[in-house]
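Q: I have a model open and want to learn how to read its features one at a time. Can you walk me through them?

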Amino acid sequence: MLIFGRHNLGTVKGWRKFRKKDVVLAVRIEEPFVVETKEGDVVCWDGWLAVNGSGVPYPIAVEDMQLYEEIEE
């Protein structure tokens, strides 16, 4: 089985660009948490709990949240 992490993504060839268009809901969780995903349990040590438009939860690391723009209502 292939294992990917930040340390070896540069070895993967054939990357294509995609743009996310969905609005997601997110809440800051200030302690470690686990999200049950279809791929298995994902541990997030410091981050945000997000839910996509289909209702699927996933974690977003604190440093990755800068890629999202908050919508003011």
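Q: Let's start with Arg28: how much relative accessible area does Arg28 have, and what class does that give?
A: This is a predicted model, so take every value here as computed from it. The general idea is that a residue between 20% and 50% relative accessible area is called partly exposed. Arg28 has 30%, so Arg28 is partly exposed.

Q: Which residue does the side chain of Arg28 meet in a salt bridge?
A: In general, side chains of opposite charge can pair when their charged atoms come close. Here the side chain of Arg28 meets that of Asp46, at 2.8 Å from N to O. Arg28 belongs to strand β1, while Asp46 sits in the loop between β3 and β4 (47-51), so the pair ties together parts that are 18 residues apart in sequence. Asp46 is also partly exposed, with a relative accessible area of 40%.

Q: How many salt bridges does the structure hold?
A: Just one salt bridge in this structure.

Q: Stepping back, how many helices and strands are there?
A: Zero helices and five strands. Read along the sequence, that gives the pattern β-β-β-β-β. As for dimensions, the C-alpha trace spans about 40 × 25 × 25 Å along its principal axes.

Q: How do β2 and β3 pair, parallel or antiparallel?
A: Strand β2 (residues 33-37) and strand β3 (residues 40-44) pair in the antiparallel sense, over five bridges. You can check the register with facing residues: Val35 stands opposite Val42 in β3, and Glu36 stands opposite Asp41 in β3. The connection from β2 to β3 is a hairpin through two residues.

Q: What sits in that loop between β2 and β3?
A: Lys38 is in that loop. At 82% relative accessibility Lys38 counts as exposed, because the cut-off for that class is over 50%. For a sense of distance, Lys38 and Met1 are 37 residues apart in sequence and 17 Å apart in space, C-alpha to C-alpha.

Q: Which residues make the covered face of β2, and which the uncovered one?
A: The general idea is that in a regular strand the side chains alternate between the two faces of the sheet. In β2, Phe33, Val35 and Thr37 make the covered face, and Val34 and Glu36 the uncovered one.

Q: Can we zoom in on Val34: which residues does Val34 touch beyond four places away in sequence?
A: Val34 touches Asp41, Val42 and Val43. Val34 itself lies in strand β2 and, at 48% relative accessibility, counts as partly exposed. Its C-alpha atom is separated by 9.2 Å from that of Tyr58, which is 24 residues away along the chain.

Q: Which residues form the largest nonpolar core?
A: In soluble globular proteins, nonpolar side chains tend to be buried together. Here the largest nonpolar core has five residues: Val24, Ala50, Tyr58, Ile60 and Met65. Leaving aside neighbours within four places in sequence, Met65 is in contact with Ala26, Trp48 and Ile60.

Q: What share of the residues counts as buried?
A: Of the 73 residues, 16% count as buried. On the outside, the protein exposes about 6900 Å², with carbon and sulfur atoms supplying 55% of it.

Q: Which residues make the nonpolar surface patch?
A: Leu2, Phe4, Leu9 and Trp15 make a patch of about 500 Å². Take Leu9 as a case: Leu9 is in the segment before β1 (25-29), and at 34% relative accessibility it counts as partly exposed.

Q: Where does Glu70 lie, and is Glu70 buried or exposed?
A: Glu70 lies in the segment after β5 (57-61). At 65% relative accessibility, Glu70 counts as exposed. The C-alpha atoms of Glu70 and Leu25 are separated by 9.6 Å, although the two residues are 45 apart along the chain.

Q: One last thing: what share of the contacts join residues at least 24 apart?
A: Take the contacts between residues at least 6 apart in sequence: 24% of them join residues at least 24 apart.

Methods. Residues numbered from 1 in each chain as written. Predicted model: local features only at pLDDT ≥ 70, side-chain atom pairs only at ≥ 80, totals over all residues. Heavy atoms only, no water. Core = buried A, V, L, I, M, F, W, Y, C linked by side-chain atoms within 4.5 Å. Buried < 20%, exposed > 50% of the residue type's maximum accessible area, 1.4 Å probe, protein only. Contact = heavy atoms within 4.5 Å. Patch = residues over 30% accessible without salt bridge, like charges linked within 9 Å, V, L, I, M, F, W, Y side chains within 5 Å. Areas by Shrake-Rupley, 256 points an atom, 1.4 Å probe, with all protein chains shown as cover. Salt bridge = Lys/Arg side-chain N within 4 Å of Asp/Glu carboxyl O. Helix = DSSP H or I, 4+ residues; strand = E, 2+ residues; numbered from the N terminus. Pairing = 2+ DSSP bridges.
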